[in-house]
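Subject: A structure for you to explore

Hi there,

Here is the structure I promised to pass on to you. Have a look at it first, and then read on for what turned up in it.

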Amino acid sequence: MSEQAIAAARSCVETMYGKEFLSPKPRQYTTKSKGAQEAHEAIRPAGSTFRTPKETGLSGRELAVYDLIWKRTVACQMADARQTQITVGLQVEDAGFRSSGKRIDFPGFLRAYVEGSDDPDAALEDQEVILPPLKVGDRPNCTNIEAIGHETQPPARYTEASLVKTLESEGIGRPSTYASIIGTIIDRGYANLVNNALVPTFTAFAVTALLEEHFPDLVDTSFTSRMEQTLDDIATGEVKWLPYLRQFYSGDKGLETLVKERENQIDGTKARTVELEDLDAKVRIGKFGPYIEAQNGNGVVTASIPKDLTPSDLDPETVEVLLRQKTEGPEELGRHPEIGELIYVKIGTYGPYVQLGEKSDENPKPKMASLPKGVTPENVTLDMAVGLLALPRTLGVHPATNGKIQASLGRFGPYVVHDQGKEGKDYRSLKASDNVLTISLERALELLAEPKKGRKTSTTKSKAALRELGVHPDDGEPINIYEGPYGVYIKHNKTNVGLPEGQAVEDMTLSTALKLLASKTSSGKSTRKSSAASTKGKSTAKSSTTTAKKKTTTRTSSSRKTTATSSKAKT
């Protein structure tokens, strides 16, 4: 943090809590990561004085974010908390029991974290665990003992945040590259983001096994960390980049040498096979995704694995279902009551679905419908399948627009849609209690009347102006002064301009506001004009360069080679 922020935080602590709550000397934090590129100050309340969360006038999520930032900033300049930890041991024959207590002797920085509660002192007391007065030799009366089992849970999957933390601790990557690293492993199908967890795919297992067997050094975390350090040394000029890259690629143990040595040793079939325990079948990676391969009599049968099925979810029962569907055909639910065609339950690449009729030359694209989330093939009924195949279902017309309202099932779940003609379509997701097959027109109208999630409304319209200056002489539109998250500003139509420093709201006049708005508009035009002129200049320069290249085509090969090498070195 800047000196201004530290001074503001310490002033806030002294004013609100007293000098005893200040740290003995100002605290200045530095990053723990050697490779972090810190180009800006920490996120903190703006200005040389900090407003408390209550004084901001914010609400909802904006208030919650500011409250978090304010508490963290103020607490970092507060004194340490002093606590007394008490542990009591109870011995009952051969069994030992232990209980821990905590007493807060001086709250220190903890006081900032209960700011805003109805009773801060009570909130601090709630953090204490007070044990009854005991002394050595006391014999408490035991009224009941209950044995509670505890099972060790496997480590949680990586989230984006925990993966970044691990990469940072291993010295891999930089803050500016973490987002691209996570984006790459998702885009290339090495992991799926499921409920904020990064779940590895079959492709990830196959690629990792191949690299660990044939190129172990390249996927070792210490190798990546050393490379990052070398790249930093190249950036500071301590290491020459060309010798390093030449050694890395074409050296005795370089990448090119390793590939040539291993290209005849890598078994393609083994490389695209994923070994999973407790499975008689084999999982292979094909052109169109992972699939199961198993022996069936004297032949081999294969079945595609749904894309949302992860390696941890593939058990013997699931394998049996997928293979049975391939060998015996899909399960028949019955015949459609109106059409008379058979309805089947199938499991495809994108999960389970129902299908009307069989695929044939006369019916190359039979109608299909995915099962709703939470519905498994085992509990699908004929009536449910008929309803799903009838989607989208027309519920009626909107009383205000006469536009058609339909219910259907999409990629993100069940929804209702209102066709507004030229204005487009208005969608709303169904709630957990709604059923896409039975939802009524009245309920659909209720959902459509609700505002869309995430849609931002204009804060200017919803709050009153601090002061009304008058109307603009050109168009008659009002010119008002508002207070926003970044300070006080003047607004006319879509043009906003902040008040000059030291300018009071009460002293602002209409004529001064008109000048400020005019300067804002003219500066925007001149910027665009300069930008266009710059672009034109670049085009002219490019044309000149092209002409120069044409005139120098009589150079010798050696000259061109020298020039190219020089340009490359500069690059």
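Let's begin at a hairpin. Strand 17 and strand 18 form one with six residues between the strands, and in this hairpin Gly476 takes a positive phi near 75 degrees. Before we go further, please keep in mind that this is a predicted model.

The two strands of that hairpin, strand 17 (residues 467-471) and strand 18, pair in the antiparallel sense over four bridges. If you want a spot to zoom in on, find Arg467, which stands opposite Ile481 in strand 18. Strand 18 also pairs with strand 19 (residues 487-492), again in the antiparallel sense, over five bridges. Which residue of strand 19 is the bridge partner of Ile481? That partner is Ile490. So how covered is strand 18 (residues 478-484)? Mostly: five of its seven residues are buried.

Next, a sheet to trace by eye. It is an open sheet of four strands, in the order 5-6-7-8, with antiparallel pairing. Why is one side of strand 5 and of strand 8 left without a neighbour in the sheet? Strand 5 (273-274) and strand 8 (299-304) stand at the edges, and each has a single partner strand, so one side of each has no neighbour there. Strand 8 pairs with strand 7 (residues 289-296) in the antiparallel sense, and this pairing runs over six bridges. One pair to look for is Ala294 with its bridge partner Val301, which is in strand 8.

Helices also meet these strands. Helix 7 (residues 202-214) packs on the sheet and touches strand 5, strand 6 (282-286) and strand 7. The direction of helix 7 makes about 90 degrees with that of strand 6. Helix 12 (residues 316-328) lies across strand 7 and strand 8, and runs at about 110 degrees to strand 8.

Now for two helices that pack on each other. Helix 5 (residues 160-170) and helix 6 (residues 178-187) do so at an angle of about 120 degrees, with their axes 11 Å apart. Helix 5 and helix 6 are therefore oblique to each other, and their crossing is right-handed. Which residues meet there? From helix 5 come Glu160, Leu163, Val164, Leu167 and Glu168, and they meet Tyr178, Ile181, Ile182 and Ile185 of helix 6.

Tyr178 deserves a closer look. This residue is found in helix 6. Is Tyr178 buried or exposed? Its relative accessibility is 8%, so Tyr178 counts as buried. Leaving out residues up to four places away in sequence, Tyr178 touches Val164, Leu167, Glu168, Ile172 and Gly173. Val164 is 14 residues from Tyr178 along the chain, and the C-alpha atoms of the two are separated by 6.5 Å.

Another buried residue is Gln355, which counts as such because its relative accessibility is 3%. You will find Gln355 in strand 11 (residues 351-356). The side chain of Gln355 is joined to that of Lys346 by a polar contact of 3.3 Å. What else does Gln355 touch, not counting residues up to four places away in sequence? Besides Lys346, the list holds Leu342, Ile343, Tyr344, Pro366, Lys367 and Met368.

Finally, here are some backbone details in loops. Asn195 is in the loop between strand 3 (191-194) and strand 4 (197-200), and Asn196 is found in the loop between strand 3 and strand 4 as well. Phi of Asn195 is near 50 degrees, a positive value in a residue other than glycine. Asn196 is not a glycine either, yet has a positive phi of about 70 degrees. Are these residues buried or exposed? Asn195 has 72% relative accessibility and so counts as exposed, and Asn196, at 59%, counts as exposed too.

For the last stop, look for a cis peptide bond: one joins Leu391 and Pro392, with omega at about 0 degrees. Pro392 lies in the loop between helix 13 (382-389) and strand 13 (393-397).

Enjoy exploring, and write back with any questions!

Best wishes

Technical notes
Residues numbered from 1 in each chain as written. Predicted model: local features only at pLDDT ≥ 70, side-chain atom pairs only at ≥ 80, totals over all residues. Heavy atoms only, no water. Buried < 20%, exposed > 50% of the residue type's maximum accessible area, 1.4 Å probe, protein only. Polar contact = N/O pair within 3.5 Å; in protein donor to acceptor, adjacent residues only side chain to side chain. Contact = heavy atoms within 4.5 Å. Pairing = 2+ DSSP bridges. Axes fitted to C-alpha atoms, helices over the stretch in contact; angles between N-to-C directions. Parallel < 35°, antiparallel > 145°, perpendicular 65-115°, else oblique. Left-handed = near helix turned anticlockwise from the far one by under 90°.
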